[in-house]
Amino acid sequence: MSRKHIQNIIAESRKTLPITIIYGVGIWLLAGGLQHNWWIQFACFFASVYAMIHLNNINLMIRIYSRSVSSAYILLSCIAVWLFPSISGGIIQLCSVLIMLLLFSCYQDPDSRGRTFYIFVLISMMSLLEPHYLLLAPLAWLLMSSTIYSMSFRSLLASLIGLITPYWFYIGWRLFQNPMNPVQALDFIDRFALLQWPSDYQALTQSQLLFFGLLVVLFLVGSIHFWMTSYMDKVRVRQIYASLIITTLYSIILIALQPQKYDVLIYVMIIAVSPIIAHFVSLTHTKISNIFFMVLLAVILFLTGMNLWIS
């Protein structure tokens, strides 16, 4: 039997998640959550944490008892202190987790038309807040076809109806507000063409670059470990992690092409990377992995402290 290192004790402890939740609340307080009345933003964050817990529970993403998926999500989310004030960002964060939750529930179910409809309704609604979020629709179709195996003619039709529905109601509301100028009802369409070329990497701050670099490193380490040990996981779990890996790669490409939309796309990357690195932390038992875990915690605390100081 493998000796348990600090990383395994922490990953398997029932106290880890409650302590991490307290840590997350503390970071929000230190960042000024009370002074700035970030109640809606915090509620969205807390709800997204609960959704991540549920995502881990119903999909059994780690083959031992561990709350490291949701704990990793809290730790990584709290690094990006600059995202806390955004109400639209909080809503996007929550809806992104809900989309993943609904998508994974459609595994090998081509008749999951209702859930598919709601997935694309959420994507469409988020695109009204941030037009670039619509770029996640092709990702959802890709996952439905390649890893989730829920693509069929009816589910494709349900997805298209889901995309159209929020725009239909939005246009109707705008027409009701200003019936004498129907052209204004379509003004939101112009926002979808606002892709800036060439990419402006100077728009990224040092904190954003360091956080992105950390997520990339965690993604690489976790993905390599997963592919080397995936034969030990159930087929459903392997497909879910394959979906998360594809999602992370897709997010990296989008951020590289449109760094101006970093603050929108990084939410999806955090959600995808959290289970990947949690799988590594929970299921490795070597001295090297333990050292990596300790260094990782130190880096997370350092970046979080640095961003709190800057903010």
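A helix here is a DSSP run of H or I of at least four residues, numbered from the N terminus. With that in hand, let's poke around the empty spaces of this predicted model.

**Exercise 1. Work out which helix gives the largest share of the lining of the second largest pocket, and describe that pocket.**

Step 1: Start with the space itself, which comes to about 260 Å³.

Step 2: Now find the middle. The lining has 17 residues, and Asn-59, Leu-60, Met-61, Ile-62 and Arg-63 sit nearest the centre.

Step 3: Check the helices. Two or more lining residues come from each of helix H3 (39-59) and helix H10 (235-257). The winner is H3, with 4 residues.

Step 4: Sort the lining by chemistry, and you get 8 nonpolar, 4 polar and 5 charged residues.

**Exercise 2. Describe the largest pocket: its volume, its centre and its lining.**

Step 1: Its volume is about 440 Å³. Among the 22 residues lining it, those closest to the centre are Ile-10, Thr-16, Leu-75, Phe-293 and Leu-297.

Step 2: Match the lining to helices. At least two residues apiece come from helix H1 (6-12), helix H2 (16-30), helix H4 (68-79), helix H11 (262-283) and helix H12 (287-310).

Step 3: Count by type. The tally is 16 nonpolar, 5 polar and 1 charged.

**Exercise 3. How many cavities of 30 Å³ or more does the whole structure hold, and what lines the largest cavity?**

Step 1: A cavity is a set of points where a 1.4 Å probe fits but cannot get out. Searching the whole structure turns up 3 of them at 30 Å³ or more.

Step 2: Take the largest cavity, at about 140 Å³. It has 13 lining residues, with Ile-99, Met-100, Leu-136, Leu-139 and Val-268 nearest its centre.

Step 3: Helix H5 (87-105), helix H7 (136-146) and H11 each chip in at least two lining residues. By type, the lining of the largest cavity has 11 nonpolar, 2 polar and no charged residues.

**Exercise 4. Which residues line the second largest cavity, and which helices supply at least two of them?**

Step 1: This cavity holds about 100 Å³ of space.

Step 2: Read off the residues. Trp-28, Gln-41, Phe-45, Ser-77, Ala-80, Leu-83, Phe-84, Ser-86, Gly-90, Gln-93, Tyr-267 and Ile-270 make up the lining.

Step 3: Place them on helices: H3, H5 and H11 each provide at least two.

Step 4: Split by type, the lining of the second largest cavity gives 7 nonpolar, 5 polar and no charged residues. If you're checking by hand, remember that Gly counts as polar.

Technical notes. Residues numbered from 1 in each chain as written. Predicted model: local features only at pLDDT ≥ 70, side-chain atom pairs only at ≥ 80, totals over all residues. Heavy atoms only, no water. 1 Å grid on protein atoms, 1.4 Å probe; cavity = no way out; pocket = protein on both sides within 12 Å on 5 of 7 lines; lining within 4 Å. Points joined across faces, edges and corners; volume = space filled by probe spheres on them.
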